[in-house]
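Reader: Hi! I'm new to this one and would love a friendly tour. Could you put it up on the screen?

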Amino acid sequence: AFSGAVTLDGPSGTGKSSVARAVALELGAAYLDTGAMYRAATVAVLDAGVDLDDADGITRAVTEAVIGIGTDAATEQVTVDDVDVTDRIRGSEVTRAVSPVSAVPAVRRLLVDAQRSLVGDAVAVVVEGRDIGTVVLPDATLKVYLTAEPEARAERRAAQLGVTDPAKIAAIAADLRRRDTYDSTRTDSPLRPATDAVTVDSTHWERHQTIAAIVGLARERA
Ligand code: C5P
């Protein structure tokens, strides 16, 4: 059986979450979606009515919130102060606000600490996000940087949302670019591959091929 930690980082819209979850299930590993934690923190900020330019207000709202997330790949429930926000965190209101919230250093410190304790001493775990290989788990067994051409990412996200209108697909592509630029250029923990990461480009792959490639890499190392 696999033992160790697999980190999966990369830009938005690569299908990272569904790949990470499937890899965890195949490896019999625990799973942590750190993007869901930044999204839940964003719910707390929006509900507190804090301005997105107000770093102190954002930090206060996130400090006071109780974010509930599990590490079982088969369940994806997320709560904020015991309220189920599993669907809400995927909505456009949260998606628009999550990058500025996650760029606040004090928010990152809080969530990185929470992520490390959630991972704890799990024998096998898959953790996905933007800074897992670079910051959260620098000693991971396998670090994957999952990427795909921007057009492929926009098309996948559109298919996932059931969108076929070309104008709407273009808007999705613009949103992905905006979030990637924001995430890659922030000063604290920008999105970038760890120096010892394996880059997996899934542009021309079916989802199952990407999953098989990562499972194979993990088994080679453990
Ligand atoms: O992966 P997902 O799209 O759910 O992540 C939402 C946002 O949370 C990202 O665009 C990024 O701003 C932030 N994030 C982060 N660090 C992580 C995971 C997500 O800054 N480890």
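Author: Happy to. Over residues 6–218 the chain is 52% helix and 15% strand, and the end C-alpha atoms of that stretch are 7 Å apart. Keep in mind that this is a predicted model.

Reader: What does UniProt list for residues 6–218?

Author: An unreviewed UniProt entry lists them as "domain: Cytidylate kinase".

Reader: Let's look at a strand. Is E7 mostly covered or mostly open?

Author: Strand E7, residues 142–147, is mostly covered, with 6 of its 6 residues buried.

Reader: And what sits on each of its faces?

Author: On one side you find Leu-142, Val-144 and Leu-146, and on the other Lys-143, Tyr-145 and Thr-147; all of them are buried, so both faces of E7 are covered. In a regular strand, side chains alternate between the two faces of the sheet.

Reader: Which strands are joined to E7?

Author: Strand E1 (residues 4–9) runs parallel to E7 and is joined to it by 4 bridges. Strand E8 (residues 198–201) also runs parallel to E7, again with 4 bridges. To find these pairings on screen, look for Thr-7, whose bridge partner in E7 is Lys-143, and for Thr-147, which stands opposite Asp-201 in E8.

Reader: Lys-143 has come up twice now. What does it form a salt bridge with?

Author: Its partner is Asp-196, and the closest N and O atoms are 3.1 Å apart. Lys-143 lies in strand E7 while Asp-196 is in the loop between H8 and E8, so the pair ties together parts that are 53 residues apart in sequence.

Reader: Are those two buried or exposed?

Author: Lys-143 has a relative accessible area of 5%, so it is buried. Asp-196 counts as partly exposed because its relative accessibility is 45%.

Reader: How many salt bridges does the structure hold?

Author: There are 11. One of them joins the side chains of Arg-21 and Glu-76, at 3.8 Å from N to O. That pair links distant parts of the chain: Arg-21 belongs to helix H1 (residues 16–27), whereas Glu-76 is in the loop between E3 and E4, 55 residues apart.

Reader: Why does Arg-21 count as buried?

Author: Its relative accessibility is 17%, and buried means under 20%.

Reader: What about a salt bridge inside a helix?

Author: Try Arg-178 and Asp-175, whose closest N and O atoms are 2.6 Å apart. Both lie in helix H8, 3 residues apart, or about one turn of the helix. Arg-178 counts as partly exposed at 34% relative accessibility, and Asp-175 does too at 22%. Elsewhere, salt bridges that share partners join Asp-47, Arg-88 and Glu-93 into one network.

Reader: New topic: which residues of the largest nonpolar core touch the most other members?

Author: That core has 35 residues, and Val-45, Ile-58, Val-78, Val-80, Val-107, Val-127 and Leu-137 touch the most other members. Several elements each supply at least two residues, including strand E2 (30–33), helix H2 (34–47), helix H3 (55–64) and helix H5 (105–119). H2 gives the most, with 8 residues. In soluble globular proteins, nonpolar side chains tend to be buried together.

Reader: What is Val-45 in contact with?

Author: Leaving aside neighbours within four places in sequence, Val-45 is in contact with Val-50, Leu-52, Ile-58, Ala-61, Val-62 and Val-101. There is also a second, separate core of 23 residues, and Val-6, Ala-29, Leu-142 and Val-200 are among them.

Reader: Val-101 is in H4, right? Why is H4 said to be largely enclosed?

Author: Yes, Val-101 is one of the buried residues in H4. Of the 11 residues of H4, 8 are buried, so this helix is largely enclosed by the rest of the structure. Its buried residues pack against H2, H3, H5 and helix H8 (166–185).

Reader: Last one: what order do the strands of the open sheet come in?

Author: The order is E3-E4-E5, 3 strands with antiparallel pairing. Strands E3 (67–69) and E5 (83–84) are the edges, each pairing on one side only. E4 and E5 share 2 bridges, and you can spot Thr-79 standing opposite Asp-84 in E5.

Conventions
Residues numbered from 1 in each chain as written. Predicted model: local features only at pLDDT ≥ 70, side-chain atom pairs only at ≥ 80, totals over all residues. Heavy atoms only, no water. Buried < 20%, exposed > 50% of the residue type's maximum accessible area, 1.4 Å probe, protein only. Pairing = 2+ DSSP bridges. Core = buried A, V, L, I, M, F, W, Y, C linked by side-chain atoms within 4.5 Å. Contact = heavy atoms within 4.5 Å. UniProt positions renumbered as here; feature names shortened; annotations may be inferred. Salt bridge = Lys/Arg side-chain N within 4 Å of Asp/Glu carboxyl O.
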